[in-house]
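Me: I have a protein model open and would like to talk it through. Can you take my questions one at a time?
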Amino acid sequence: MSSVARCHDFIVVGAGTAGCVLAARLSENPDVSVLLLEAGSRTPLEAVASAEAWSTLIGSSMDWRDKTVVLESSGRALELPRGRGLGGSSAINAMAFLRGHRSSYDAWVTAGAEGWGFADLLPYFKRTEHLDGRDPAVRGDSGPLRPGPTAPPHPIAEAALEAARQAGHRIADINSGLEEGFGVTDMSIIEGRRQSAADAYLRPALDRPNLDLVTDALVHRVVLDGDRCSGVEYSIGPQTFIAQCDGEVVLTAGAIGSPQVLLASGIGPQRHLDDIGITVLADLPGVGANLHDHPVSGVVYYSARAVPPSNGNDGEIKGVLRSRDGLDGPDLQIMIVSRPLRQQMKPGPGLGEGYEITVALMTPFSRGSVRLASAVPGAPPLIDPRYYIDIRDVDAVVAGLHLARELGQMPAFAPWRGEESEPGADLRREEDLRAYVRAGASSYFHYAGTCRIGTDSDAVVDNELRVHGLRGLRVTDASVMPSPVSANLNATVYAIAERAAQLIRGETGS
């Protein structure tokens with residue numbers, strides 16, 4: 001039997017990046033009440049605060065510990081880290097804070113997401129950030145986030161930037177969304193400490209009497225009264241609750257969690273819900289479809305000298321490049337990492353013994369899905385990213401490997417460069433490199449697209465993030481992205497949430 005909690009004007013499901021922004025912004029109006037539900041703990045692990053400790057959080061209690069199904073491309077399953085707890089993935093990620101190139105947002109408009117192009121989002125990007133000494137036309141100076149470059153730079157990062165110059169690449173501000181080339185990445189790090197969405201947005205708002213935060217709360221489903229969403233069912237331990245809402249429920253559980261909640265609520269493709277045994281309340285075939293991610297490959301080197309530890313994120317230098325002529329915008333990110341991440345073909349260098357030039361495909365054509373494995377609340381979903389199903393993705397990454405190898409042979413790397421461990425100096429033929437890319441399919445942990453914005457029959461939300469065919473229900477997180485963004489996702493999710501807050505407040509008069 002469920003207990004009925006008091007009614008709120010807004011219920012926000014998930015205290016990740018978007019949920020922290022929404023809860024903070026909506027509760028700025030003292031005349032509305034906001035309930036924020038989070039499955040994770042209220043108290044973060046100590047490692048969250050330390051920028052150097054980010055990798056220890058993968059697989060921790062602050063990670064949902066999702067896994068893919070066995071992938072067609074590689075014949076193996078992959079771990080897919082996803083944040084659980086206040087701040088969500090912003091509390092466990094590698095803290096990169098950069099926008100995608102403007103072309104990837106303008107592609108959203110072409111796909112039917114009117115009002116979501118780069119120029120539309122720019123005011124909300126600026127609203128999130130406080131940066132000194134940047135171009136005020138494109139960067140913010142009064143927001144709650146204070147990103148910036150890692151200081152002092154790692155010696156591998158210094159060598160990488162010089163190598164990019166030597167290879168003829170442009171050195172630019174790759175964080176702005178306007179430029180291509182190589183540059184220093186802004187990080188969500190302040191004096192060696194991570195700044196998560198919970199730090200910047202939520203915790204300063206928790207003393208507001210109109211904001212209720214409930215943690216350790218596993219959301220089962222949204223509650224529908226006809227075509228209107230009237231609340232949320234959730235549990236804390238063995239006790240089940242119904243939280244009522246007379247305004248709007250906003251799902252901010254991410255590209256895996258938000259479709260999972262919708263499907264469990266009977267909102268999704270009829271055939272799949274019938275197979276699971278869930279009554280269909282709204283037949284929306286696009287729920288859980290269109291999953292896209294940034295698959296990664298790379299070139300690993302043994303180092304000729306000891307590599308010192310990083311004082312924050314290990315990938316300070318990134319390049320935003322095109323794999324071939326004729327593209328509308330960059331489709332590759334080349335990241336120089338001060339420790340090896342891949343040991344695909346054979347055991348390779350350990351920590352302090354090597355470095356890597358990573359190739360990430362930013363605008364893949366391949367699409368996957370999120371589906372329920374059962375109707376049991378909280379059961380791990382079936383996640384199939386379907387990496388490299390489209391051969392164009394494989395070809396783009398192979399082109400990226402050539403660019404990475406060229407960069408790795410520049411004179412600036414000479415004091416560091418040892419033997420090539422991955423793919424290996426003997427792996428040169430195109431067909432061998434394609435096989436290497438497919439066999440090593442792995443994730444950059446940038447899941448998106450599973451509740452996409454649009455007006456066609458497969459879209460899940462409209463241009464104001466309202467779920468099609470239902471009232472009082474929105475989705476506001478990476479799942480609404482119609483197509484991939486050519487950067488790490490966190491900065492974009494902040495901007496989406498800022499715009500959503502304004503949309504909701506504007507419509508309600510709050």
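Reply: What follows goes from the whole chain to single residues.

Me: What kind of model is this, and how are residues numbered?
Reply: This is a predicted model, in which local features need pLDDT of at least 70, side-chain atom pairs count only at pLDDT 80 or more, and totals for chains, interfaces and linings use all residues. Residues are numbered from 1 along each chain as its sequence is written, and side-chain values use heavy atoms, with hydrogens and water left out.

Me: How many helices and strands does the protein chain have?
Reply: The protein chain has ten helices and 22 strands. Both are DSSP runs numbered from the N terminus: helices are H or I with at least four residues, strands are E with at least two.

Me: And why call it as compact as a globular protein of that length?
Reply: Because its radius of gyration is 22 Å, close to the 24 Å that the globule rule gives for 510 residues. The radius is taken over C-alpha atoms, and the rule is 2.2 Å times the number of residues to the power 0.38. The C-alpha atoms fill a box of roughly 65 × 50 × 40 Å, taken along the principal axes.

Me: What share of the residues is buried?
Reply: Buried residues make up 60% of the 510. Buried means under 20% relative accessible area, exposed over 50%, and partly exposed in between, with a 1.4 Å probe and protein chains only.

Me: What about the surface area?
Reply: The chain exposes about 18,900 Å², and carbon and sulfur atoms supply 50% of it. Accessible areas come from the Shrake-Rupley method with a 1.4 Å probe; for residues, only the protein chains shown count as cover.

Me: Which contacts join residues far along the sequence?
Reply: Among contacts between residues at least 6 apart in sequence, 70% join residues at least 24 apart. Contact means heavy atoms within 4.5 Å.

Me: Does UniProt have a say? What does the annotation cover?
Reply: The UniProt record, an unreviewed entry, gives "domain: Glucose-methanol-choline oxidoreductase N-terminal" for residues 83-106 and 254-268. UniProt positions are in the numbering used here, feature names are shortened, and annotations may be inferred rather than shown by experiment.

Me: What do those two spans look like in the model?
Reply: Residues 83-106 are 21% helix and 0% strand, with end C-alpha atoms 28 Å apart. Residues 254-268 are 73% helix and 13% strand, and their end C-alpha atoms lie 16 Å apart.

Me: Back to burial. Is helix 1 mostly covered or open?
Reply: Helix 1 (residues 17-26) is mostly covered, with ten of its ten residues buried. Among them are T17, C20 and R25.

Me: Where is S90?
Reply: S90 lies in the loop between strand 4 (79-80) and helix 2 (102-110). S90 is buried, with a relative accessible area of 2%. Not counting residues up to four places away in sequence, S90 touches T17, R194, S196, A197, N490 and Y494.

Me: And R367, buried or exposed?
Reply: In between: R367 is partly exposed, at a relative accessible area of 25%. The loop that holds R367 runs between strand 17 (354-361) and strand 18 (369-371). Leaving out residues up to four places away in sequence, its contacts include N290, H292 and S483. The C-alpha atoms of R367 and Y387 are separated by 7.5 Å, with their positions 20 residues apart along the chain.

Me: Now backbone oddities. What is usual?
Reply: Most residues other than glycine have a negative phi, and most peptide bonds are trans.

Me: Which peptide bonds here are cis?
Reply: The bond from A151 to P152 is cis, with omega near -10°, and the bond from E422 to P423 is cis, also with omega near -10°. P152 sits in the loop between helix 3 (118-128) and helix 4 (155-166). P423 is in the loop between strand 20 (417-422) and helix 9 (430-439).

Me: Where does phi turn positive?
Reply: E191 has phi near 50°, and D216 has phi near 55°. E191 is in the loop between strand 6 (189-190) and strand 7 (193-194), and counts as exposed at 79% relative accessibility. D216 is in the loop between strand 8 (211-214) and strand 9 (218-225), and counts as partly exposed at 43%.
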